[in-house]
Amino acid sequence: MTGSAASAPRVDHLVTSGTFSLDGGTWDVDNNVWIVGDDSEAIVIDAAHDAAAIEAALDGRTLRAVVCTHAHNDHIDAAPALAAATGAPILLHPDDLPLWKQTHPDRAPDGELTDGGTLAVGGITLTVLHTPGHAPGAVCLYAPALSTVFTGDTLFQGGPGATGRSFSHFPTIIDSIRDRLLALPPETVVRTGHGDPTTIGAEAPHLEEWIQRGH
């Protein structure tokens, strides 16, 4: 007699559209929202723009947490509504609280992400990597079992995240990428906050080029 097998880990992806606002400017953006878990439970990485669409993509699964890679408004604007709809806590690195309060002054996150901390969901363990530079509290989430790292706006296909606005710092993001991300196995898939995925191996050879470009 055999019992039912546990469902396999899965990563679901949707793109939501809205605006990014900082330093007095506003831009139209498309954001990647990542849902990580199995057929019964999941976490959402970056609740961007459309809480209803994200809840629909969960398809009845229990949401264990709304995880914020950083607190720019386009990555957190739907977080409170999604948390209210599902009962899930919002998790953010505390160094990004000043940015969070610009968007949600009356609603604090429910818990803190800490460097080296882990999140477990659907048989998957994700390790929090604090990767400041694009924002002070920016984090990436590394899931070795999936050979994947979720990088928010720290690393994209073709280079680092932007550092030309307040709360950002180019040398710091370069240090974060070199020390925390390029140390991962080269086959690790980089799932980004905007745009197409890449791999650590594809991006690593360009580090010196990025450094020169940033000066």
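Leaving aside its neighbours within four places in sequence, which residues is A47 in contact with? I looked this up first, keeping in mind that the model is predicted. My list for A47 reads I54, V66, H75, I76, D77, A78, A79 and L82.

**Entry: the core**
Next I turned to the largest nonpolar core, which has 29 residues. A47 turned up again here: along with V44, V66, L82 and W100, A47 touches the most other members. I then noted which elements give two or more residues to this core. The strands are β1, β2, β3 (41–45), β4 (62–67) and β5 (90–92), and the helices are α1 (51–58), α3 (79–86) and α4 (97–103).

**Entry: helix α1**
Which residues of α1 are buried? I found A51, I54 and L58. They sit on the same side of α1 because they cover an arc of only 65° around the axis. On the other side I found A52 and A56, which are exposed. I also checked what covers the buried residues of α1, and the cover includes β1, β2, β3, β4 and α3. Just after α1 comes D59, and I wrote down its positive phi, near 55°.

**Entry: the pocket**
Last, I looked at the largest pocket, which holds about 230 Å³ of space. It is lined by 16 residues, and F20, H134, D153, A162 and R165 are the closest to its centre. I sorted the lining into six nonpolar, seven polar and three charged residues. β1 (10–22) and β2 (25–37) each supply at least two residues of this lining, and I was pleased to meet both strands again, since I had already listed β1 and β2 for the core.

Key
Residues numbered from 1 in each chain as written. Predicted model: local features only at pLDDT ≥ 70, side-chain atom pairs only at ≥ 80, totals over all residues. Heavy atoms only, no water. 1 Å grid on protein atoms, 1.4 Å probe; cavity = no way out; pocket = protein on both sides within 12 Å on 5 of 7 lines; lining within 4 Å. Points joined across faces, edges and corners; volume = space filled by probe spheres on them. Helix = DSSP H or I, 4+ residues; strand = E, 2+ residues; numbered from the N terminus. Nonpolar A, V, L, I, M, F, W, Y, C, P; charged D, E, K, R; others polar. Core = buried A, V, L, I, M, F, W, Y, C linked by side-chain atoms within 4.5 Å. Buried < 20%, exposed > 50% of the residue type's maximum accessible area, 1.4 Å probe, protein only. Contact = heavy atoms within 4.5 Å. Arc of directions from axis to C-beta.
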